[in-house]
Amino acid sequence: SITTQINGYATFTGVQYADELLSFKLKVDASEKGGGWTPALVLRAQGTDSYVSSGIDGYILCMGMNGLELYRYVNGVRNVIYGDFYENSTGVNIDCKQGDTIKNSAWTFDANKVAEHDIKIGAVSDGGDVRILLYVDGKEVINYLDKAENGAFSNAGYFGIIGRGETWTLT
């Protein structure tokens, strides 16, 4: 079990993951931080010296009060797969957009409370493509095939978390 308060990012550098589904109980306690930006999980980060959104390529799953958003960052550009960003947003590409924010009752996060869920998540190679999978409390929430021609990350990468003061426990 790991418990830490994150105000920034943490990348688990011991191993790069390629085709694993990571399984853990995730508890995010935001009761002391007073709201703000939403926490996120990072898959296949292609480096460790910065955020995935600040020049490091990889996938980010944002866990907000309004639902889940999934992005692929390439050279600092947010490629929206699921989310509520539109064409006039600066630094955002929506060419690969599959849908708006995922409003799913399987996931709950309130910026002033505690959320706890069993998570199974991964970026699994599927031929030359990459399948992004997310299960919350045993329910499939995301099953997205990121095509190689769209820039899918076929290389292994690091797992990480991004927070703004929340206390995270991964068991």
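A salt bridge is taken here to be a side-chain nitrogen of Lys or Arg lying within 4 Å of a carboxyl oxygen of Asp or Glu. In this predicted model, Asp146 and Arg72 satisfy that rule, because the closest N and O atoms of the pair are 2.7 Å apart, inside the limit of 4 Å. Asp146 belongs to strand S10 and Arg72 to strand S5, so the salt bridge ties together parts of the chain that are 74 residues apart in sequence. Both partners, Asp146 and Arg72, are buried. In general terms, side chains of opposite charge can pair when their charged atoms come close.

By the same rule, the count for the structure comes to five salt bridges. Another of these joins the side chains of Arg44 and Asp19, with a distance of 3.4 Å from N to O. This pair also links distant parts of the chain, since Arg44 lies in strand S3 whereas Asp19 lies in the loop between S1 and strand S2 (21-29), and the two residues are 25 residues apart. The two partners may be set side by side in terms of accessibility: Arg44 counts as buried, at 2% relative accessibility, while Asp19, at 43%, counts as partly exposed. A further salt bridge is formed by Asp126 and Arg131, whose closest N and O atoms are 3.0 Å apart. In this pair Asp126 counts as partly exposed, with a relative accessibility of 33%, and Arg131 likewise counts as partly exposed, with a relative accessibility of 24%.

Glu69 offers a contrasting case of a charged residue. Glu69 is found in strand S5, which covers residues 67-74, and it is buried yet has no salt bridge. The nearest side chain of opposite charge is that of Arg78, at 5.4 Å, and because a salt bridge requires a separation within 4 Å, Glu69 and Arg78 do not count as a pair. The side chain of Glu69 is nevertheless joined to the side chain of Thr101 by a polar contact of 2.5 Å.

The backbone was considered next. Most residues other than glycine have a negative phi. Arg44, although it is not a glycine, has a positive phi of about 50°, and this residue is found in strand S3. Asp137 is also not a glycine and has a positive phi of about 50°, but Asp137 is found in the loop between S9 and S10. With a relative accessible area of 39%, Asp137 is partly exposed, whereas Arg44, at 2% relative accessibility, counts as buried. The loop between strand S9 (129-136) and strand S10 (139-146) also holds Gly138. Gly138 has a relative accessible area of 70% and is therefore exposed, the cut-off for that class being over 50%. The C-alpha atom of Gly138 is separated by 7.8 Å from that of Ile119, although the two residues are 19 residues apart along the chain.

The interior spaces of the model complete the description. The structure holds three cavities of 30 Å³ or more, and the largest cavity has a volume of about 70 Å³. The lining of the largest cavity is made up of 13 residues, of which Tyr17, Leu22, Leu43, Arg44 and Ala123 lie nearest its centre. Strand S3 (40-45), strand S8 (114-126) and strand S11 (157-170) are the elements that give two or more residues to this lining. Arg44, described above for its salt bridge with Asp19 and its positive phi, thus appears again among the residues nearest the centre of the largest cavity. When the lining of the largest cavity is divided by class, nine residues are nonpolar, two are polar and two are charged.

The second largest cavity contains about 60 Å³ of space. Its lining consists of 13 residues, and those nearest its centre are Tyr9, Thr11, Val42, Ser50 and Val52. At least two residues of this lining are supplied by each of strand S1 (2-17), S3 and S11. By class, the lining of the second largest cavity has nine nonpolar and four polar residues, and no charged residues.

Note on methods
Residues numbered from 1 in each chain as written. Predicted model: local features only at pLDDT ≥ 70, side-chain atom pairs only at ≥ 80, totals over all residues. Heavy atoms only, no water. 1 Å grid on protein atoms, 1.4 Å probe; cavity = no way out; pocket = protein on both sides within 12 Å on 5 of 7 lines; lining within 4 Å. Points joined across faces, edges and corners; volume = space filled by probe spheres on them. Helix = DSSP H or I, 4+ residues; strand = E, 2+ residues; numbered from the N terminus. Nonpolar A, V, L, I, M, F, W, Y, C, P; charged D, E, K, R; others polar. Buried < 20%, exposed > 50% of the residue type's maximum accessible area, 1.4 Å probe, protein only. Lys, Arg positive; Asp, Glu negative; His and termini not counted. Polar contact = N/O pair within 3.5 Å; in protein donor to acceptor, adjacent residues only side chain to side chain.
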